[in-house]
Amino acid sequence: MRKVQILLVLFIVTSFAYGQKSENPMNNIKVNIFSPIVKTGSFFYERKVSESSSAQLGVGFTAYNREGIKINGIFFTPEYRFYLSNTKEAMEGFYVGPYLRYQNLKVEDTEDGSKATLSTFGGGVVVGHQWIFKNIFSLDIFLGPNYNSGSVKVTEGQEPDIPTSFDGFGARVGVTFGFAF
């Protein structure tokens, strides 16, 4: 009985995988492979909405700890991508993507014990290129400027020194690997 169940699962999985090869992918689930370097996790879901555009939602968390400042929290990044290649459909090729970002962070200065919450709202634009291999795997490289403006609410002590990448001008850079379907 166990062998039959395993064969049935394998049949369903391979049928689904091979069935997708005849069509262009409509969805893409990705992870930013460089995020762990800065103690962050970034995950994305991209959906094709037309022949030349897609919408993407990024969700992430951070555990930044540098020079006595600890920052922990989550962020959301909705993005709309315009694919500029005339020879390929959306979700593959060169693109420009304006985006917004909301962050909700807890900030702590470990030297003097100050604590605060930081909520930011901002946005920017990225340029990038995404490749889809065998209608299954994706590789996406992007770069662009951003600006975040926020409000700090001190919960203990004085206002901690917050790095400008969390509140002010910065850059959004990434390389993602994902699965398209």
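**Exercise 1. How much area does the chain expose, and what share of it do carbon and sulfur atoms supply?**

Solution. The model is a predicted one. The chain exposes about 10,600 Å². Carbon and sulfur atoms supply 65% of that area. As for the interior, buried residues make up 37% of the 181 residues.

**Exercise 2. Describe the fold of the chain from its elements and their pairing.**

Solution. Step one is to list the elements: the chain has 1 helix and 8 strands. Step two is to read them along the sequence, which gives the pattern α-β-β-β-β-β-β-β-β. Step three is the pairing. The 8 strands close into a barrel in the order 1-2-3-4-5-6-7-8, with antiparallel pairing. From one strand to the next, the twist averages 25°. One of the pairs joins strand 7 (residues 137–156) to strand 8 (residues 168–180) over 12 bridges. Within this pair, Asp140 has Thr176 of strand 8 as its bridge partner.

**Exercise 3. Trace the salt bridges made by Lys30 and Glu46, and classify the residues involved as buried or exposed.**

Solution. Start with the total: a search of the whole structure finds 7 salt bridges. Next, take the side chains of Lys30 and Glu46, which meet at 2.9 Å, N to O. Lys30 is in strand 1 (residues 27–32) and Glu46 in strand 2 (residues 40–50), 16 residues apart.

Lys30 also forms a salt bridge with Asp140, at 3.3 Å. Because Lys30 lies in strand 1 and Asp140 in strand 7, this pair ties together parts that are 110 residues apart in sequence.

Glu46 in turn meets Arg81 in a salt bridge of 3.6 Å. Here Arg81 belongs to strand 4 and Glu46 to strand 2, 35 residues apart.

Now classify them, with buried meaning under 20% relative accessible area. Lys30 has 2% relative accessibility, so Lys30 counts as buried. Glu46 is buried at 0%, Asp140 is buried at 0%, and Arg81 is buried at 0%.

Finally, place these pairs in context: Lys30, Glu46, Glu79, Arg81, Asp140 and Arg172 are linked in a network of salt bridges.

**Exercise 4. Which strand gives the most residues to the nonpolar patch?**

Solution. First identify the patch. It covers about 810 Å² of surface and is made by Phe43, Leu57, Val59, Phe61, Ile74, Phe76, Leu100, Tyr102 and Phe121. Then assign elements: strand 3 (53–66), strand 4 (69–83) and strand 5 (93–109) each give two or more residues. Strand 3 gives the most, with 3 residues. Phe61 is located in strand 3, and at 42% relative accessibility Phe61 counts as partly exposed.

Key:
Residues numbered from 1 in each chain as written. Predicted model: local features only at pLDDT ≥ 70, side-chain atom pairs only at ≥ 80, totals over all residues. Heavy atoms only, no water. Patch = residues over 30% accessible without salt bridge, like charges linked within 9 Å, V, L, I, M, F, W, Y side chains within 5 Å. Areas by Shrake-Rupley, 256 points an atom, 1.4 Å probe, with all protein chains shown as cover. Salt bridge = Lys/Arg side-chain N within 4 Å of Asp/Glu carboxyl O. Helix = DSSP H or I, 4+ residues; strand = E, 2+ residues; numbered from the N terminus. Buried < 20%, exposed > 50% of the residue type's maximum accessible area, 1.4 Å probe, protein only. Pairing = 2+ DSSP bridges. Axes fitted to C-alpha atoms, helices over the stretch in contact; angles between N-to-C directions.
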